Amino acid sequence: MRAIAIALILAVSATTARADEDPIAQAMTLEAQLQYEPALAIIERTIAQGGADHDRLVTLHQFAGRLAAGLGRATVAEDHFARVLALDPDSKFAAGTSPKITEPFERARGRTAPLRISSIVEPDAITIVPDADPLGLVAGIAIKLDDGRELREMQTRRVAIPPGKGATEVFALDT
């Protein structure tokens with residue numbers, strides 16, 4: 001009876017330790033154990049939390065698409081892959097990747113246009129204009145000011161610049 005209790009305590013401790021890991025690392029561990037469902041849940045929750053930069057968002061959607069394809073959810077995989085291709089049109093999988101993954105990826109490629117955004121810079125505001133956004137990814141705007149502050153507008157694509165300040169970077173924010 002004692003051996004069982006000790007093993008159970010060790011298993012709980014190991015699970016707690018993994019909770020502090022990067023979500024991608026955590027999901028990769030689960031994927032290696034063929035636990036695609038909980039791995040996909042972690043990645044989709046991470047996407048929904050927001051805050052990922054461009055490269056990380058591409059990685060998250062590509063991973064989610066791969067996991068969904070592994071679960072036989074081709075439509076979900078295709079939706080994640082469409083976002084990958086809108087953000088990174090040159091994205092691809094290595095030769096020899098399973099058709100279970102590449103088929104929804106190629107279907108997404110066939111229906112997805114790359115995201116293109118331009119900006120209108122005025123003395124007192126910056127507006128971003130999606131020239132091509134078929135998936136409706138662009139929801140808001142953020143700018144980094146020359147004093148290091150960041151201004152965000154999640155419900156509009158226009159942000160006012162405070163008097164005497166300049167913008168050093170402009171970001172399109174996704175939903």
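**Pairing and packing in a predicted model**

Tutor: In this predicted model, A142 stands opposite R152 in β4, which gives us a place to begin with the sheet.

Student: What makes β3 and β4 count as paired strands?

Tutor: Two strands pair if there are at least two bridges between them, and four bridges join β3 to β4, which run antiparallel; the requirement is therefore met. In the hairpin of these two strands, four residues lie between them, and G148 takes a positive phi near 95°.

Student: How do you know that β3 pairs with β6, and in which sense?

Tutor: The bridges answer this as well, for β3 (residues 138-145) and β6 are joined in the antiparallel sense over seven bridges, against a requirement of at least two. Among the facing residues, I143 stands opposite V170 in β6, and K144 stands opposite E169 in β6.

Student: Why are β4 and β6 said to stand at the edges?

Tutor: The order of this open sheet of three strands is β4-β3-β6, with antiparallel pairing. β4 (150-153) and β6 (167-174) each have a single partner strand, so one side of each is left without a neighbour in the sheet. Neighbouring strands here are turned by 20° against each other on average, with direction ignored.

Student: What makes β3 mostly covered?

Tutor: Buried means under 20% relative accessible area, and six of the eight residues of β3 are buried, so the strand is described as mostly covered.

Student: Turning to the helices, why are α2 and α4 called roughly parallel?

Tutor: Helix α2 (residues 23-32) and helix α4 (residues 54-70) pack at an angle of about 20°, with their axes 12 Å apart. Angles under 35 degrees count as roughly parallel, and α2 and α4 are therefore described in that way. The crossing of these two helices is left-handed.

Student: Which residues of α2 and α4 meet, and how does the contact divide by residue type?

Tutor: Contact requires heavy atoms within 4.5 Å, and P23, I24, A27, M28 and E31 in α2 meet R56, T59, L60, F63, R66 and L67 in α4. The residues of this contact divide into seven nonpolar, one polar and three charged.

Definitions and conventions: Residues numbered from 1 in each chain as written. Predicted model: local features only at pLDDT ≥ 70, side-chain atom pairs only at ≥ 80, totals over all residues. Heavy atoms only, no water. Axes fitted to C-alpha atoms, helices over the stretch in contact; angles between N-to-C directions. Parallel < 35°, antiparallel > 145°, perpendicular 65-115°, else oblique. Left-handed = near helix turned anticlockwise from the far one by under 90°. Nonpolar A, V, L, I, M, F, W, Y, C, P; charged D, E, K, R; others polar. Buried < 20%, exposed > 50% of the residue type's maximum accessible area, 1.4 Å probe, protein only.
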